[in-house]
There are 4 protein chains.
Amino acid sequence: MFAMHGECVDVREIARCAGVGMGTLYRHFPTKDVLLETVLHEDFVEWTHTARQDAAFQNDPAEALSAFLRDALERHANHRALVERFAETWDTPSGIAACKRDLHPVIEDLVTRCHDAGVLRPGVTGEDVSLLLVALGRIAQLGATQERPELRQRTLQIMLDGLRPTHQSALPTNSSGPD
Amino acid sequence: MFAMHGECVDVREIARCAGVGMGTLYRHFPTKDVLLETVLHEDFVEWTHTARQDAAFQNDPAEALSAFLRDALERHANHRALVERFAETWDTPSGIAACKRDLHPVIEDLVTRCHDAGVLRPGVTGEDVSLLLVALGRIAQLGATQERPELRQRTLQIMLDGLRPTHQSALPTNSSGPD
Amino acid sequence: MFAMHGECVDVREIARCAGVGMGTLYRHFPTKDVLLETVLHEDFVEWTHTARQDAAFQNDPAEALSAFLRDALERHANHRALVERFAETWDTPSGIAACKRDLHPVIEDLVTRCHDAGVLRPGVTGEDVSLLLVALGRIAQLGATQERPELRQRTLQIMLDGLRPTHQSALPTNSSGPD
Amino acid sequence: MFAMHGECVDVREIARCAGVGMGTLYRHFPTKDVLLETVLHEDFVEWTHTARQDAAFQNDPAEALSAFLRDALERHANHRALVERFAETWDTPSGIAACKRDLHPVIEDLVTRCHDAGVLRPGVTGEDVSLLLVALGRIAQLGATQERPELRQRTLQIMLDGLRPTHQSALPTNSSGPD
DNA sequence: CATGAATGAGGATTCATTCAT
DNA sequence: CATGAATGAATCCTCATTCAT
């Protein structure tokens, strides 16, 4: 339900579709928000697991990274709440802590491997890639890109190409210097 | 208020912060939605105007495009509702019609000029640029990028570099062929 | 305005149609209700005047009464607020005091004249006739009777015939006796 | 509540008097209007049922008709919203469709039976009787007739007598002729 | 004295959460 | 332990009335 309708779904709808009563729902999850976080945590765990495996099987680190982003794009396209909350990772200290705990290490690994192999633009960090993910998530939710999936793949391609080591120019950094 | 808190703000809050009563608000705008659309329309008009001028004064088309995106990024960073509704341009037929009417031609012009000058990756459309805008908008709203503005500029840089004519590989198109 | 739309009209509408500002309206009438009462009072005065004259010119008391009711019916058909408030005469002590003061004597006179001439069913009082007026008022306001005026005239005819001296049976009286 | 105060009662008042919260009310009835219509429908059903039975047990058609009107009068006296909405039957196409569906056939039957028995003034239609009902409804709501019930019975008596076959004169018809 | 913008209480409706059965 | 009816705070919008200009 969260995947389809986002975090706005009526809890009654959720209970009804789950085939249980409201009470049962609230016994297991004290709050709508906790339910959502739980659902998302499971999604992150599964995503992390799959991503880790895919990365392990893929010897080409560049391809590993782009495969990860391609997969992420499709996941976001099919999961409204994921998109809505994934962004929060960056904002709320606790937020979807799950995301930070589970997913970020995978991204960091991919970035490190790519840098080691020299297939990633210098200076790109895991944080940069995560931000691109947030950006892609928003794109994936647009009705237009749902009807014409090639649209979101074009955007992804542009981002991937922007990450190539072809671009040696430094990315902007904290202009106030190291403080 | 819309800029700061998005379209969810309580109308009472809006009225209070405007220093007026509910009635005054509703005298000027028949509906919360009309108020929002009015605010956004003004923003789009101003944005369009500025963008057009900037583009006219800038002889270098590539710089014109990146200046446009940089400006858009800052605008989105300071305007939650803008971000929320700009995306809708892609979904709701009517939606923020203002956006389509006012802003899209500017984008199309920029893209055309860049292509004519050969400074834009082949195949990139105005639609692609608009999608990047939506993506950037989401980024700009993150608390993290508000505290560390260089973060969003990094993302923008990656996107801009992905748009360079260096990348000659074709972008994905409707795989079902021309129908 | 009250005549056309009833007492629900927006005061702003009234002011606008009168070509004055709200302040002017409220200078003359401290309250919407006072305005309505004033308007109605004028109507009652005019009605009373006309009714008195008509009655004076008409030698046949029966015809005078039925002419009065016919006229009242048409007035009610064209005056929503009149209908809405005329009924209140019976309820609120002050209410449209104007009505009691201005119109009721006319009715009482007509009834007395009819009784004196023996053309009215025994026992019928001015109060009975006034109640019939209230009843007719409601009828006159129905859309159906506005489109087909003969409908309301049929109802009036039935009432008038019910008032004929043909009917000698006593009308119900306070069953608890004279207390 | 509707019976006592008419359709203007605050839903909160309704909920409070029902001893339930707002939510409970809205769980059962999606809209204030639906609630009203439901209440009225039940009333119409019950009314129809009773009226049909009374009519069936009464061999004298004239008495059946006057009993029906007497009963209607008392019902209206105790039900403000009934009065308010019953009139609408004549105006809004849908309106209290329930009324038309449930009650009108009963009235038509009564009228037909009376005509067959020759105890009803020639030309009187079910529509005429329904209009008299509307008229009586208004009367029944007056505070004066609530305090002195004989007042409304007098009005009813006058109407009933106006319906007697004694009155052979034709009732007004559409003056524009049969078109 | 005229204006009409401003006021704000009041009314219908929604939905996350609780609790008696 | 499961149920789902009940709760009521929160939200958008209307309109009679006031008051600064």
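What follows is a friendly conversation about how the chains and DNA strands of this predicted model meet.

Trainee: How should I read the numbering, and which pLDDT limits apply?

Mentor: Residues are numbered from 1 along each chain as its sequence is written, while chains are lettered from A and ligands numbered from 1 in the order in which they are written. As this is a predicted model, totals for chains, interfaces and linings use all residues, side-chain atom pairs count only at pLDDT 80 or more, and local features need pLDDT of at least 70.

Trainee: Let's start with chains A and B. Which helix gives the most to the side of chain A that touches chain B?

Mentor: Here 34 residues of chain A are in contact with 33 residues of chain B, contact meaning that C-beta atoms, placed from the backbone, lie within 7 Å. The elements of chain A that give two or more residues to this side are α8 (126-141), α9 (143-147) and α10 (149-162); helices are DSSP runs of H or I with at least four residues, numbered from the N terminus. With 10 residues, the one that gives the most is α10(A).

Trainee: What relation links the two copies, chain A and chain B?

Mentor: Chain A can be laid on chain B by a turn of 178 degrees and a shift of 0.0 Å along the axis, with an RMSD of 0.5 Å. The superposition is by least squares on the C-alpha atoms of residues with pLDDT of at least 70 in both copies. In addition, 97% of the interface residues of chain A are also interface residues in chain B, so the copies meet through the same surface. The relation is that of a two-fold axis.

Trainee: And on the side of chain C that touches chain D, how do the residues divide by class?

Mentor: There, 33 residues of chain C are in contact with 33 residues of chain D. The largest share of chain C's side, 10 residues, comes from α10(C). Ala, Val, Leu, Ile, Met, Phe, Trp, Tyr, Cys and Pro count as nonpolar, Asp, Glu, Lys and Arg as charged, and the others, Gly among them, as polar. The residues divide into 16 nonpolar, 10 polar and 7 charged.

Trainee: How far apart are the closest C-alpha atoms of chain B and chain D?

Mentor: No contact joins chain A and chain C, and their closest C-alpha atoms lie 38 Å apart. Chain B and chain D are not joined by a contact either, and for them the value is 21 Å.

Trainee: Now the DNA. Which residues come nearest to strand E?

Mentor: Helix α3 (22-28) of each of chains A, B, C and D, along with α2 (11-18) of chain D, supplies at least two residues of the surface near DNA strand E. A residue is near a strand if its C-beta atom, placed from the backbone, lies within 6 Å of it. Of the 28 residues around strand E, those that come nearest are B:G21, B:G23, C:G21, C:M22 and C:G23.

Trainee: Which residues come nearest to strand F?

Mentor: By class, the surface near DNA strand F has 11 nonpolar, 10 polar and 7 charged residues. Among its suppliers of at least two residues are α2 (11-18) and α3 of chain B. Of the 28 residues around strand F, the nearest are A:G21, A:M22, A:G23, D:G21 and D:G23.

How values were computed: Contact = placed C-beta atoms within 7 Å.
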